[in-house]
Amino acid sequence: MRHAVALLLIATSAIAAPVPKQLKGKRPDPEVFVGAWETTVSEQNGRGMAKAVWTFDPDLTMWSKPPGGDGKGTKWAIKIDPDQSPKHITIGTYPGIYEFDGDDIRVIFNYGGARPTGFDAQANGHYVVLRRVKEKEGGK
């Protein structure tokens, strides 16, 4: 009888609903974006571009400014669709894709072109690797 009860408990736990990803320690993509990120790589058509700091607000408004620059910089509306494969991002009106790569976010988007399908250099493609800006001592 004990074996039957144990088998029943194992069987019912095996068919239980899966635990949502958010409860497994993974944060939803929009939450991961929030904060300041510096571009460690910034290239357009294989040519190096000026570095910047991208700061994402909780509503995914993004501010881009030069590192150490004063003021808010350029404001961009960001839209993401993490359910696509690859994941979609739109920066202003520029279609792109993104992926999380360890502690970094890789993004490629096109100026006036089609949404990229991979992270290879493309005509009109702007490729960036973002790394979270570490907080300074004292939390500031």
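Contact is taken here to mean heavy atoms within 4.5 Å. The structure is a predicted model, in which local features need pLDDT of at least 70 and side-chain atom pairs count only at pLDDT 80 or more, while totals for chains, interfaces and linings use all residues. Residues are numbered from 1 along each chain as its sequence is written, and side-chain values use heavy atoms, with hydrogens and water left out.

Of contacts in the chain between residues at least 6 apart in sequence, 31% join residues at least 24 apart. The chain contains 2 helices and 9 strands (DSSP runs numbered from the N terminus: helices H or I, at least four residues; strands E, at least two). From the N terminus, the order of elements is α-α-β-β-β-β-β-β-β-β-β.

Of the 140 residues, 29% are buried (under 20% relative accessible area, 1.4 Å probe, protein chains only). The exposed surface of the chain is about 9400 Å², 55% of it supplied by carbon and sulfur atoms (Shrake-Rupley method, 1.4 Å probe).

The largest nonpolar core (buried Ala, Val, Leu, Ile, Met, Phe, Trp, Tyr and Cys residues joined through side-chain atoms within 4.5 Å) comprises 17 residues, and W54, F56 and V107 have the most contacts inside it. At least two residues of this core come from each of strand 3 (53-56), strand 5 (74-81), strand 6 (87-91), strand 8 (104-110) and strand 9 (125-132). Strand 8 provides the largest share, 3 residues. A second, separate core of 5 residues includes I97, I108, F119 and Y127.

Beyond its neighbours within four places in sequence, W54 contacts residues including W37, M62, W63, I91, F109, V128 and L130.

Key
Buried < 20%, exposed > 50% of the residue type's maximum accessible area, 1.4 Å probe, protein only.
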